[in-house]
Amino acid sequence: MTEPIPGPRGYPIIGNLLDVQAEVPLHALERLADIYGPLFKFKVGSHERVATGSFEIFDELCDETRFWKVPPRALQSSDGQRRAVGLFASPSEKNEDWGQAHRILMPAFGPIAIESMFNEMHDIASQLILKWARKGSDYKIPVSGDMSRLTLDTIALCAMDFRFNSFYQDELHPFVQAMNNVLANRSNAVQLSGIISRLLPSHTEQLKKDSLYQKKVSQDLVQYRRDHPTDKKDLLNAMIYGKDPRSGQTMRDELIAANMQTFLVAGHETTSGLLSFAFLLMLKNPSTYFAAQQEVDRVIGKGKVEVKHLNQLKYINALLRETLRLTPTAPAITRSVRPENKEEIPTVGGGKWAVPRDGAVICLLGKIQRDPKVWGDDAEEFKPERMIDEKFEKIPKNAWKPFGTGLRACIGRAFAWQEAVLAVALILQNFDLSLDDPKYEFKVVQTLTIKPKDFFMRAKLRPGIVATQLQESLMASAPTDLSPHEHASKPGTQDPHAGKIRILYGSNTGTCQSLAQKLASQAKSAGSEASVEDMDSMIGSLPKDQPVVIITASYEGQPPDNAARFVAWLESLEDKKAFEGTKFAVFGCGHSDWRTTFLRIPQLVDSKLAELGASRITAMGSTDVSKNNIFDDFETWAEKELWPVMPAVSGSQPVSMTESVKLPDLIVETTAQRRAAHLKQDLQYGTVVDVKRLTASTQREKRHIEIELPEGMTYQVGDYLAVLPLNPDDSVKRVMKRLGLPADGVLTIRDAGPTILPTEAPIMLFGVLKGYVELSQPATPRDVAQLVDLAVDPDERGKLKDLTDPDIYTTSILNHRTSVIDLLERCPSIQISLAQLLTMLPPLRPRHYSISSSSLNKASSCTLTYSVIDEPAMSNSDEHFEGITSTYLRDLKPGDRILVSVRSTNKQFRLPTDPEKTPIMMVAAGSGIAPFRGFIEERAVLIKEGNRKLAKALLFFGCRSPTADCMYRDEFDEWVKIGAVDVRYCFSQDPARSEGCKYVQDRMLKDRQDIYDLWDGDAKFFVCGTKNVAHEVARVARELVKGKAEAEGNKVSDEEVDEWIKEKRGERFVSDVFS
């Protein structure tokens, strides 16, 4: 007996119209697949549709004896008239027109025929190369647009000997514009915007014009060939003169034109998407980019790309396969029951669900080809090596089907593949590529196919290649020396680079960027010229004429976003003399809670540069972020290690760490500024939707905020939201009062050198202090030294001088988090200008908060759960310290705008990909509940809406009492009822109501058998909380591991337990620790 196909509950008349609304319609269907499982149904108006995102279901649907392909609704005639259609849009393989065209065209797409098109493909690809070379490295390449030009011109030249000459026009050819309009309209058929548009006469009229224009272009091409016959063996001649081997007849002109239109649309649209996604994925995964480029250098070198090379490019072939796995540009195919299928009730799912004979199943390839049952837990990752020849042959038969399946699979697959491999090889041979926006987030635009949205990159000619000689090189059969003639410097001339320093940083949160700016300011005070850039900007070469200082963080063993390509580039190099003559120093930031990967990236950069021939200026410096000594550690390293040796390698003057810094004057004017851009942070404005307090008025305040995300910004459960706050007004007023500044003052900063502050334009003084600099950061040793120099009163000078002693500095400044503003208030004799103060204050950084919601529940917004810090100041118990971001969030109201950006979490801090089979255990205290609320909300959606039966989820949650601060109690009670979670509370102020357990670690020991059972069931364990919580949970975990081993008769030492836990960390144990 079959079961009903699950799906969302619909509304009268409109059905599930609201459930399939999304900027990218495909994403709405994928969301339904996440909720309802392997097979689901939905209704739009009166039409019921069925879809799958499961490999197992798709594997059954690929059985050609039971099912066959039908065209998607978007390609079916909307006016009910019968007319000639091309292969792709034909109603079935039994259609006479399809059969005739297929039989005639198959030989024209054979291996020999495709190989003969290589030179014409190379001709068009060379036009792309020359355009990019002439535009230069500052040109923002519209990737999808230029790939459309490439593939349209290629199919037109190869198939019908016609040149659109798209690279000689600023706008895309009108055919492409008409095609995009028609396909977008069909793709948006069930979107409210599309429904409304179709009600507008002007819209309908434009669509009719666009359709007729496409048809006319195709008919004109056929007629032109009739009028001007040639002997060329191309597709057009094959259709005009080829005879059907079955009937002996030739194709009629209407059918030829219909297929020409199909080739022009399908033949260029999908390949341009493939190439666009391939370069985007390479640039977002830089190790793959350099692996592909090195393969081109190894196989082809500097000579002309020839057809024989294409099959030798094993890695690039694998890269394109992996691109189509993750981003199939034709993202769905539709399968229906064959008319000759004799089953009484055709079923899928091993007989579980009936497939209606008069319906069809939409197969979501983007989900099917990421099914973790086939591809594993890393199914979402871009790994071309899984697609290299032997491994590719071993994947299940129907697990990779971007070109369709069966008799109606894409006839032009070999054409598209040769074109794509050639284009990738030529581009990588001649250019070093980079993202125009290093923080570009993956976005998709959908017509009938999908492409990256707003994706721009830059192309810089590789060393030794010049634009003026490139055309000769592209046509040459042997390597050509393209190096420009170098002019040697005359003896005795002054080195123009003396005193210059290149400072590179890798930073996600802004800390290392701030350190780089500080170092640049110190260099400027000594008369040196320092440039500050992110690490990725230096890919391809490092200067030999000036020292390089690299300041980078390590995030759980991974490089920062703006250093990922630089690190991958270093790792890809093998020439031991690559950096001979380069002088460098490295300073690293890391977090010792990640013991196995602590400082991995700075150490890798330091060792790799030395290995490749560069010379260290000084030993690598470092800081442990968990100890909150970042600025102190950095300045100590700079003062004692870096600056003493810098004059010898840069020609600069010695730097005095106590020397007063001269700064620009203030000018009173007014203008508007963009804060996020100046602070070099990739943030956009979201909108506050809801705010509420979660705790009683007698308890420390914890709050909830819901934020509508900017358009196109998406997240997964477990991600962070970066928030750029504003300093509290009271903090700003303290500064202005101490310096005697006017409330309505305006300043202009000129000739400031490297800075994150707005320059050369007026800005309100209050706004600079509120939105650009950190006011509560502990003073650094250099700050204190400068204040000593500025103090007039001898007693104050003496007290400040005492603070420069390292031990006193730690106890009085760091431990009490004493800021520069605190010191200025204590020492009124210090005479300091605003300009001097601004050089001491680091740039304001975004703060990261765990998202406490699931995008399955509401994709367009997310929630945060946070504690408000408002307590006696550590530096002065008579004053209150307000947490910058928590105070900022607390004061926001619905409708307010807020600068935000989604940041990915540790890839292991995710729900299991098979929630039906893998249990989870979560441990949290206080606001550490945030990510787990998202986890459980997602499980609740899967259970309530998808009717899914999930594996057990156990939550240990610590708070003070059930009535004071037991956050989200009503929600959790509801989720407990439906089986989404089992909650074990721990009330520190009322342990009698939590079975005598005050803290989560107590409850874990009491319920140890439940934990053992989860472990034996292959559960994944998560912890989120402060360092103290993490430490106590880790202690109890060791006790539980040791106890279980001994209960099973195995005696283990503490060291063995630690080693065992270390091995399982990341795989079975995952933590998220916050300050």
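Guide: Before we start, a definition: helices (H or I, at least four residues) and strands (E, at least two) are DSSP runs, numbered from the N terminus. Keep in mind that this is a predicted model.

Visitor: Okay, which loop holds tyrosine 968?

Guide: Tyrosine 968 has a phi near 60°, a positive value in a residue other than glycine. At 8% relative accessibility, it counts as buried. Its place is the loop between E30 and helix H35 (969-977).

Visitor: And is asparagine 947 buried or exposed?

Guide: Asparagine 947 sits in the loop between H34 and strand E30 (953-959). Its phi is positive too, near 55°, and it isn't a glycine. Most residues other than glycine have a negative phi. With a relative accessibility of 64%, asparagine 947 counts as exposed.

Visitor: How far apart are the end C-alpha atoms of helix H34?

Guide: H34 covers residues 930-944, and 14 of its 15 residues are buried, so the rest of the structure largely encloses it. At 1.5 Å a residue, those 15 residues should span 21 Å. The model agrees, because the end C-alpha atoms are separated by 21 Å.

Visitor: What is the strand order in the open sheet with parallel pairing?

Guide: Its edges are strand E31 (982-987) and strand E33 (1069-1074); each has a single partner strand, so one side of each has no neighbour in the sheet. From one strand to the next, the twist averages 10°. Read across, the five strands run E31-E30-E29-E32-E33.

Visitor: Which residue of E33 stands opposite phenylalanine 1021?

Guide: Strand E32 spans residues 1020-1026 and pairs with E33 in the parallel sense, over six bridges. Across from phenylalanine 1021 in E33 is phenylalanine 1069.

Visitor: How many disulfides does the structure hold?

Guide: A disulfide is a covalent bond between the sulfur atoms of two cysteines. Take cysteine 158: the closest cysteine sulfur, in cysteine 410, is 15 Å away, so that is too far for a bond. Cysteine 1024 is in no disulfide either, as its nearest cysteine sulfur, that of cysteine 959, is 15 Å away. The number of disulfides in the structure is zero.

Visitor: What is the relative accessible area of cysteine 410?

Guide: UniProt, in an unreviewed entry, places the feature "binding site" at Cys410. The residue is found in the loop between helix H17 (389-394) and helix H18 (413-430). Partly exposed means between 20% and 50%, and cysteine 410 counts as partly exposed because its value is 38%.

Visitor: What about cysteine 158, buried or exposed?

Guide: The cut-off to use is under 20% relative accessible area for buried. Cysteine 158 has 2%, so it is buried.

Visitor: How many of the residues in helix H6 are buried?

Guide: H6 takes in residues 143-160, and its end C-alpha atoms are 25 Å apart, which agrees with the expected 26 Å. Right after H6 comes aspartate 161, with a positive phi near 55°. H6 is mostly covered, and its count of buried residues is 18 of 18.

Visitor: Which strands are at the edges of the open sheet with mixed pairing?

Guide: This sheet has five strands, in the order E1-E2-E8-E5-E3. An edge strand here pairs on one side only. The two that do so are strand E1 (39-44) and E3.

Visitor: Which residue in E5 is the bridge partner of valine 70?

Guide: In a regular strand the side chains alternate between the two faces of the sheet. In strand E3 (residues 67-70), Phe67 and Lys69 point one way and Trp68 and Val70 the other, and all are buried. Four bridges join E3 to strand E5 (residues 332-337), and the two run antiparallel. In E5, valine 70 has as its bridge partner threonine 334.

Visitor: Which residue in E8 does threonine 52 stand opposite?

Guide: Strand E2 (residues 47-52) and strand E8 (residues 361-364) run parallel, joined by three bridges. Opposite threonine 52 in E8 is cysteine 363.

Visitor: Last one: which residues does alanine 28 touch, leaving out those up to four places away in sequence?

Guide: Alanine 28 is found in helix H1 (residues 25-36). At 5% relative accessibility, it counts as buried. Leaving out those sequence neighbours, its contacts are Asp19, Val20, Gln21 and Ala22.

Notes: Residues are numbered from 1 along each chain as its sequence is written. This is a predicted model: local features need pLDDT of at least 70, side-chain atom pairs count only at pLDDT 80 or more; totals for chains, interfaces and linings use all residues. Side-chain values use heavy atoms; hydrogens and water are left out. Buried means under 20% relative accessible area, exposed over 50%, partly exposed in between (1.4 Å probe, protein chains only). Contact means heavy atoms within 4.5 Å. UniProt positions are given in the numbering used here, feature names are shortened, and annotations may be inferred rather than shown by experiment. Two strands pair if DSSP finds at least two bridges between them. Axes are lines fitted to C-alpha atoms, for helices over the stretch in contact, and angles run from 0 to 180 degrees between N-to-C directions. The expected span of a helix is 1.5 Å times one less than its number of residues. A disulfide is a pair of cysteine sulfur atoms within 2.5 Å.
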